[in-house]
Amino acid sequence: MRTAERTADSSLARDVGAIGLAVFAVGMSFGAIAIAAGLPAWAVITMSVVVFAGGSQFMAVGLIAAGNPFAAVFAGLLLNARHLPFGLAVADAVGTGWRRRLIGSHILIDESVAFTMAQADPGARRRAYWLTGATLFVSWNVGGVLGVLLGEAVGDTDALGLDAAFPAGLIALLLPSLRDRETRNVALAGALVAVAMTPLLPAGLPVLLALSGLLLMRRKPAC
């Protein structure tokens, strides 16, 4: 049994390490882009440490740079609302005690939840949650600091293609989900709404209106 546990832990560490490298690269992209958008270095680093939410941070930087901080706050809250059910699903892995809950809630991200939910054994769930969350927190913040330094040194991050790193990574994550026809239709409808509204509305609002694509989802019959 212990051999099986060691094998599972080794596989988990390998998978988390691979994700950590990807998060490190995206963190560098964020740091450099945020500096290019005009944010001070201390604000970029503080955001990564305190907020620790990749997609929301990219969105916030874009909307702040466009002069719409209200939309940045609202969009960030809306995007991270998914953490409420996530927290309920992995509460047992976080543990009890206010310290564990405080730190554990801070490293609650999509990847830590996904790795935790893939485990059946309670001990394995705890190891998966804390290993994934801690690894990606360090990877994101170290990458962010290096990105800040790179952005200050280079100036024009677009010349290095760093502006495309996050969208490319996001598309890669979404591709498996788009195999489902209903999901694909919802995503396409939302994208069309956002593109159509971009010339007409302030920055940030077209992205929020893209949620209207969810109206195409069929209501599943109750069992």
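The following exercises, each with a worked solution, concern the fold, helix faces and selected residues of one predicted model.

Residues are numbered from 1 along each chain as its sequence is written, and side-chain values use heavy atoms, with hydrogens and water left out. Because the model is predicted, local features need pLDDT of at least 70 and side-chain atom pairs count only at pLDDT 80 or more, whereas totals for chains, interfaces and linings use all residues.

**Exercise 1. Describe the secondary structure and the confidence of the chain.**

Step 1. Helices (H or I, at least four residues) and strands (E, at least two) are DSSP runs, numbered from the N terminus. The chain has twelve helices and zero strands.

Step 2. pLDDT is the predictor's confidence in each residue, from 0 to 100. Its average over the chain is 78, and 76% of the residues score at least 70.

Step 3. Among the elements, helix α2 (residues 41-50) has the highest mean pLDDT, 91, and helix α10 (residues 165-174) the lowest, 58. Over residues 219-223 the pLDDT is below 50, and this stretch has one contact in the model beyond near neighbours in sequence.

**Exercise 2. Characterise the burial, surface and contacts of the chain as a whole.**

Step 1. Buried means under 20% relative accessible area, exposed over 50%, and partly exposed in between (1.4 Å probe, protein chains only). Of the 223 residues, 31% count as buried.

Step 2. Accessible areas come from the Shrake-Rupley method with a 1.4 Å probe; for residues, only the protein chains shown count as cover. The accessible surface is about 13200 Å², and carbon and sulfur atoms hold 71% of that surface.

Step 3. Contact means heavy atoms within 4.5 Å. Of the contacts with a separation of 6 or more, 69% are between residues 24 or more positions apart.

**Exercise 3. Check the length of helix α11 and identify its buried side.**

Step 1. The expected span of a helix is 1.5 Å times one less than its number of residues. For the 17 residues of α11 (residues 181-197), the expected span is 24 Å; the end C-alpha atoms are 24 Å apart, so the two values agree.

Step 2. E182, V186, G190 and A194 are the buried residues to consider in α11. They lie on the same side of α11 because they cover an arc of only 100° around the axis. The arc is that of the directions from the helix axis to the C-beta atoms.

Step 3. The other side of α11 carries the exposed residues R181, L192 and V195.

Step 4. The background is that an α-helix has 3.6 residues a turn, so residues three or four places apart point the same way.

**Exercise 4. Apply the same analysis to helix α2 and examine the loop after it.**

Step 1. A43, V44, M47 and S48 are buried in α2. Their arc of only 130° around the axis puts them on the same side of α2.

Step 2. W42 and V50 are exposed, on the face of α2 turned away from its buried side.

Step 3. F52 is found in the loop between α2 and α3. With a relative accessibility of 6%, F52 is buried.

Step 4. The phi of F52 is positive, near 50°, although F52 is not glycine. In general, most residues other than glycine have a negative phi.

**Exercise 5. Establish the surroundings of Q57 and S48.**

Step 1. Q57 lies in helix α3 (residues 54-65), and its relative accessible area of 1% makes Q57 buried. S48, in helix α2, is buried at 3% relative accessibility.

Step 2. Beyond neighbours within four places in sequence, Q57 is in contact with F30, M47, S48, V51, F52 and W140. With the same exclusion, S48 is in contact with F30, Q57, F137, W140 and N141.

Step 3. A polar contact of 3.4 Å links the side chains of Q57 and W140. Such a contact is a pair of N or O atoms within 3.5 Å; within protein, one must be able to donate a hydrogen and the other to accept it, and residues adjacent in sequence count only if both atoms are side-chain atoms.

**Exercise 6. Describe the sequence-distant pairs formed by A93 and L146.**

Step 1. A93 belongs to helix α6 (residues 91-94) and is buried at 0% relative accessibility. Its C-alpha atom is separated by 4.3 Å from that of R126, 33 residues apart along the chain.

Step 2. L146 belongs to helix α9 (residues 122-154) and is partly exposed at 36% relative accessibility. The C-alpha atoms of L146 and M28 are separated by 5.9 Å, although these residues are 118 residues apart along the chain.

Step 3. Not counting residues up to four places away in sequence, L146 touches F24 and M28.
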